Amino acid sequence: MKENELAELNGKVALITGGAGVLGAGMARILGQYGVVVGIMDLTIEGAEAAVNIIKKDGGKAFAVKANVLNKEELEAVSNFIIDKHRRLDILINAAGGNMPGATIGPDQAIYDMQLPHLQKVLDLNIIGTMLPSQVFSEIFSKQKSGIIINISSASAQRPLSRVVGYSASKAAIDNFTKWMAVELASKYGDGIRVNAIAPGFFIGEQNRALLLTPEGNLTPRGEKIIEHTPMGRFGVPEDLDGALLFLCSNMSTFVTGIVLHVDGGFGATSI
Ligand code: NAD
């Protein structure tokens, strides 16, 4: 019999930015179940603690930290806290991100209505909000000569979705940065550091709920279009990311770096 490949996850230390969100908390839950000590980082300590409590109730180990992914000093304080308390960091998941209503081109609008401040916010959150934590926390990896970064891309990265111009562009940048950082870290610090991304298809979250579902829970016209374009005929649920995440975080993927793993029910595989 082969040894359980995932047993090595037990006792590892992870940090999830945006860990209080729908997908971040889902990824925290499965890592906690495999014995990973999970750091939940979010904008408020209350949000982070709520996610921590769910993991602890499940018998897992977790801790809450508050930091803005756009603030380098706050990220460095979290890095120092983790090293003081846990002596190491093994996994960074960059899950803080998303779209903002003001950066969306409405059905009765055109690109000329785009507001620069809103666009800037979306580009900053998704691009800088992934690059800055990667810079700060991978310094630990470079000293350890080991570590794993998982970025969160989107179905909109390679085939942009209508209306969400800044979001699509910023997720395309995430795919590019994932490859860039994979090359940077492996070539300078060795094969113990890997950088990959997961590109979820459509999962109901707080940010897109109103876009995809009516208050009664029925599909909006946009939600209908998406489901029609998804061969599996449904939205994803956070548990759908479990397998991809465990694969990329474990020794099952020791020679895998710089890839974007799509978890989208076939959305990206079909044209009509
Ligand atoms: P969510 O809104 O539920 O979670 C995002 C979390 O990030 C929130 O808890 C929020 O407080 C936190 N956050 C926002 N700005 C932050 C900042 N500056 N610093 C620290 N934390 C911050 O969203 P989600 O649906 O869980 O999405 C998580 C990631 O997955 C995002 O990058 C999103 O773009 C991506 N994604 C989501 C879907 C989907 O269908 N839900 C699909 C593809 C990709």
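**View 1. Helices H1 and H5 at the ligand shell in the predicted model.** Helix H1 (22-33) supplies at least two residues of the shell around the ligand, and helix H5 (165-189) likewise supplies at least two. The shell residues divide into 14 nonpolar, ten polar and two charged.

**View 2. Residues that come nearest to the ligand.** There are 26 residues around the ligand. Those that come nearest are Leu23, Asp42, Tyr167, Phe203 and Gln207. The space that the ligand takes is the largest pocket.

**View 3. Polar contacts to oxygen atoms of the ligand.** A polar backbone atom of leucine 23 is 2.8 Å from an oxygen atom of the ligand. For phenylalanine 203, a polar backbone atom is also involved, with 2.8 Å to an oxygen atom of the ligand. Lysine 171 contributes a polar side-chain atom, which lies 2.9 Å from an oxygen atom of the ligand. The ligand taken alone exposes 820 Å², and the protein buries 87% of that area.

**View 4. An aromatic pair of phenylalanine 63 and phenylalanine 81.** The structure holds two aromatic pairs. One of them, formed by phenylalanine 63 and phenylalanine 81, is tilted, with 55° between the planes and 5.9 Å centre to centre. Phenylalanine 63 belongs to strand S3 (residues 61-66), whereas phenylalanine 81 belongs to helix H3 (residues 72-86). The two residues are 18 residues apart, and the pair links distant parts of the chain.

Note on methods: Residues numbered from 1 in each chain as written. Predicted model: local features only at pLDDT ≥ 70, side-chain atom pairs only at ≥ 80, totals over all residues. Heavy atoms only, no water. Near = heavy atom within 4 Å. Polar contact = N/O pair within 3.5 Å; in protein donor to acceptor, adjacent residues only side chain to side chain. Areas by Shrake-Rupley, 256 points an atom, 1.4 Å probe, with all protein chains shown as cover. 1 Å grid on protein atoms, 1.4 Å probe; cavity = no way out; pocket = protein on both sides within 12 Å on 5 of 7 lines; lining within 4 Å. Sits in = over half its atoms within 2 Å of the grid points. Helix = DSSP H or I, 4+ residues; strand = E, 2+ residues; numbered from the N terminus. Nonpolar A, V, L, I, M, F, W, Y, C, P; charged D, E, K, R; others polar. Phe/Tyr/Trp six-rings, centres within 6.5 Å; stacked < 30°, edge-to-face > 60°.
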